[in-house]
Amino acid sequence: MIRLRDVGFRYDAPGASGASAPIALRQISFAVPQGGFRWLLGPSGAGKSSLLRLLALGARPTAGTLEILGSNIGHASRAALARLRRRIGIVHQDFRLLPDLPVFDNIALPLRLQRRPEDEVRDEVHAILDWVGLASRATALPPQLSGGEQQRVAIARAVIHRPALMLADEPTNALDELQANRLMELFRDLSGLGTTILVATHNESLIRRYPAHELELAQGRLVRDG
Ligand SMILES: Nc1ncnc2c1ncn2[C@@H]1O[C@H](COP(=O)(O)OP(=O)(O)OP(=O)(O)O)[C@@H](O)[C@H]1O
């Protein structure tokens with residue numbers, strides 16, 4: 001479950017006074033129940049990535065109240081935020097794979113952070129590599145992969161630990177239609193298992209194929225919740 005009340009976010013502009021720093025989000029209020037799925041829509045610059053950054057605990061709101069998986073982020077200790085981060089899966093727009101680690105180890109990271117036994121890690125990583133069609137690329141380094149392959153590694157890493165909250169920024173921009181459809185089936189399964197999911201996208205044909213509740217931003221404000 002996530003809940004925002006009048007959340008605002010302003011980037012720190014080096015050298016700027018508070019008043020002239022850019023405001024990315026203003027008075028955002030909405031809630032998503034456990035297992036809920038939301039499209040996050042809006043034109044470029046509307047604030048989608050900034051909102052995902054707050055939900056991913058990459059920054060704290062500069063106004064309002066943000067509650068994620070039962071924790072009030074404004075009051076949470078660093079240790080509590082670190083624990084919470086391990087329950088969140090993120091697919092970044094630019095993938096953010098570790099370039100010097102083989103595909104296998106990139107995907108294994110969330111499980112190893114949970115200190116899962118290595119034989120379990122091996123089984124789970126091989127199963128998801130099969131699922132994303134990359135079984136033969138386990139030992140490759142990310143820079144040796146195509147954009148679509150890197151995006152599938154990023155997706156595998158984001159979901160392997162069955163996160164309670166899944167955040168995805170344009171997760172289909174390097175995928176073909178068949179792969180995008182498979183990703184939506186995965187999201188559907190995860191949502192059925194109780195994962196709360198937010199997906200930022202400009203992919204209109206995907207939204208038409210998979211209609212769902214929409215959160216739409218315009219100039220940092222929430223203009224649709226339904
Ligand atoms: N690191 C940053 N520092 C300062 N301002 C930023 C930063 N990142 C984004 N912004 C500003 O915040 C506002 C919202 O940007 P954001 O990236 O959240 O939009 P978006 O909806 O994700 O756009 P896109 O669809 O192009 O990814 C914009 O005015 C942008 O210029």
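# Asking how we know

The protein's secondary structure comes to 7 helices and 10 strands. This is a predicted model.

Visitor: Good to meet this one. What makes the radius of gyration agree with a compact globule?

Guide: A compact globule of 226 residues would have a radius of gyration near 17 Å, and the protein has 18 Å, which agrees. Along the principal axes, the C-alpha atoms fill a box of roughly 50 × 40 × 35 Å. Of the 226 residues, 35% count as buried. Among contacts with a separation of 6 or more, 70% are between residues 24 or more positions apart.

Visitor: Why is strand E8 called largely enclosed?

Guide: Strand E8 covers residues 196–200, and 5 of its 5 residues are buried, so the rest of the structure largely encloses this strand. A residue needs 20 or more other C-beta atoms within 10 Å to be called buried. Thr196, Leu198 and Ala200 point one way from E8, Ile197 and Val199 point the other way, and all are buried.

Visitor: Which way do the side chains of a regular strand go?

Guide: In a regular strand the side chains alternate between the two faces of the sheet.

Visitor: How do you know that E8 pairs with E3 and with E7?

Guide: Two strands pair if there are at least two bridges between them. Strand E3 (residues 37–41) and E8 have 4 bridges, in the parallel sense. Leucine 40 has alanine 200 as its bridge partner in E8. Strand E7 (residues 165–169) and E8 have 5 bridges, again in the parallel sense. Among the partners in E8, threonine 196 goes with leucine 165 and leucine 198 goes with leucine 167.

Visitor: And what makes E7 largely enclosed?

Guide: The reasoning is the one used for E8: 5 of the 5 residues of E7 are buried, so the rest of the structure largely encloses E7. Leu165, Leu167 and Asp169 point one way from the strand, Met166 and Ala168 point the other way, and all are buried. E7 also runs parallel to E6, joined by 4 bridges, and glycine 89 has methionine 166 as its bridge partner in E7.

Visitor: What links E7 to E8 in the β-α-β unit, and why is that unit called right-handed?

Guide: Helix H6 (residues 177–192) stands between them, and E7, H6 and E8 together make a right-handed β-α-β unit. The name is used because the path from the first strand over the helix to the second runs clockwise when the strands point away from the viewer.

Visitor: What about the loop between E7 and H6: how do you know that threonine 172 there is buried or exposed?

Guide: Threonine 172 lies in that loop. It has 23 other C-beta atoms within 10 Å, and the cut-off is 20 or more, so threonine 172 is buried. Leaving aside neighbours within four places in sequence, threonine 172 is in contact with Ala180, Leu183, Thr201, Asn203 and Leu206. From serine 146, threonine 172 is 26 residues away in sequence and 14 Å away in space, C-alpha to C-alpha.

Visitor: There is also a sheet with antiparallel pairing. What makes E2 and E5 its edge strands?

Guide: That open sheet has 4 strands in the order E2-E1-E4-E5. Strand E2 (23–32) and strand E5 (71–72) each pair on one side only, and that is what marks them as edges. Inside the order, strand E1 (residues 2–10) and strand E4 (residues 63–68) pair in the antiparallel sense over 5 bridges. Threonine 65 is the bridge partner of arginine 5 in E4.

Visitor: What makes the phi of leucine 57 worth a look?

Guide: Most residues other than glycine have a negative phi. Leucine 57 has a positive phi of about 65 degrees although it is not a glycine. Leucine 57 lies in the loop between H1 and E4, and with 19 C-beta neighbours inside 10 Å it counts as partly exposed. Arginine 96 has a positive phi too, near 50 degrees. The place of arginine 96 is in the loop between strand E6 (88–91) and helix H3 (103–113), and its 14 C-beta neighbours inside 10 Å make arginine 96 partly exposed.

Visitor: Last one: which residues surround the ligand?

Guide: They are Tyr11, Pro22, Ala24, Gly42, Ser44, Gly45, Ala46, Gly47, Lys48, Ser49 and Ser50. Helix H1 (residues 48–55) gives the most to this shell, with 3 residues. The shell divides into 4 nonpolar, 6 polar and 1 charged.

Methods:
Residues are numbered from 1 along each chain as its sequence is written. This is a predicted model: local features need pLDDT of at least 70, side-chain atom pairs count only at pLDDT 80 or more; totals for chains, interfaces and linings use all residues. A residue is buried if 20 or more other C-beta atoms lie within 10 Å of its own, exposed if 12 or fewer, and partly exposed in between; C-beta atoms are placed from the backbone. Helices (H or I, at least four residues) and strands (E, at least two) are DSSP runs, numbered from the N terminus. A residue is near a molecule or strand if its C-beta atom, placed from the backbone, lies within 6 Å of it. Ala, Val, Leu, Ile, Met, Phe, Trp, Tyr, Cys and Pro count as nonpolar, Asp, Glu, Lys and Arg as charged, and the others, Gly among them, as polar. The radius of gyration is taken over C-alpha atoms; the globule rule is 2.2 Å times the number of residues to the power 0.38. Two residues are in contact if their C-beta atoms, placed from the backbone, lie within 7 Å.
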